[in-house]
Amino acid sequence: MRRLKFHYEMELTFDQPVTEHHYAFRCLPMEDRQQSCYGLTCDIRPSGRVDEFTDGFGNRTCAGEAMAPHDSLRVESGGIVFVDRRRETAEAEDAHPLFRFASAYTVPDQGIWRYLETAREGWKREDKGMDFLLYLMDRLHGTFSYAPGTTDVTTTAAQALAGGRGVCQDYAHIFLALCRLGGYPARYVAGMMEGEGATHAWAEIYAGGRWTGFDPTNNRLADDGYIKLSHGRDFGDCTVDKGCFKGFAAQKQTIYVKVEG
């Protein structure tokens, strides 16, 4: 078990004032058998009505509005998380059938099909359990390149794989598509890693009677240095921050994350 302290900051700045800004943030860690949280805080400026609730996937969500004119919106969250990835989760809940099927970002095309078949041919073993999933992750890490700016939040797994480059969101979506196509329930995870930088994305695969986190971006299993913010079918269910406003302003976003033991 690890005791981790996290700090998350996100700021939107506008080149002219906007109004009627409605937003939703999933920047507080979820709680389950592998994570417990203490002293969580979430501060949103400008202040206004904010409702905190848990969505259908169990993700903590802060939704609110800033109606008066403003030229920036800032959210900060923080707290302590105790993480123990060795603890098993509840099978009846976590093996939900919806995680077996393709979602909006993970619909397989011929490229996804061919990639999985080639991986199976390269495996040359009958066993398709955890060892195969590790092999598949290693293969994806070695054949797909990390390249910020080559994809965006609308890029699907099929589009990213065809381009051969992307970011953590793309690695996760491709791995989800491959695993679901191979018969494994799989879900997208948005969260944070120990260190400084930005939010991160990985996948959790249900195999051997439990969920295990796979991080193909870094070619490693998610351990006690990872904090889960949310999980769902794909990025669309786990957006850390989203919203809409009235106005014709251009916006700039900055994000800062720090996780330390």
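Two strands pair if DSSP finds at least two bridges between them. Strands (E, at least two residues) are DSSP runs, numbered from the N terminus.

This is a predicted model: local features need pLDDT of at least 70, side-chain atom pairs count only at pLDDT 80 or more, and totals for chains, interfaces and linings use all residues. Residues are numbered from 1 along each chain as its sequence is written, and side-chain values use heavy atoms, without hydrogens and water.

**Exercise 1.** Find the strands that pair with S11, and describe each turn.

*Solution.*
- Step 1: Take S10 (residues 200-207). S10 runs antiparallel to S11, with five bridges. Tyr206 has Trp211 as its bridge partner in S11.
- Step 2: Look at the turn. Two residues separate S10 and S11 in this hairpin, and Gly208 has a positive phi of about 65°.
- Step 3: Take S12 (residues 220-221). S11 and S12 are antiparallel too, over two bridges. Leu221 in S12 stands opposite Phe214.
- Step 4: Look at this turn. The S11–S12 hairpin has four residues between its strands, and Asn219 has a positive phi of about 55°.

**Exercise 2.** Decide why S11 is largely enclosed by the rest of the structure.

*Solution.*
- Step 1: Buried means under 20% relative accessible area (1.4 Å probe, protein chains only).
- Step 2: Sort the residues by direction. Arg210, Thr212 and Phe214 point one way; Trp211, Gly213 and Asp215 point the other way. In a regular strand, side chains alternate between the two faces of the sheet.
- Step 3: Conclude. Six of the six residues of S11 (residues 210-215) are buried, so S11 is largely enclosed.

**Exercise 3.** List residues in contact with Phe175, leaving aside its neighbours within four places in sequence.

*Solution.*
- Contact means heavy atoms within 4.5 Å. Among the partners of Phe175 are Leu133, Ile205 and Phe214.

Key:
Buried means under 20% relative accessible area, exposed over 50%, partly exposed in between (1.4 Å probe, protein chains only).
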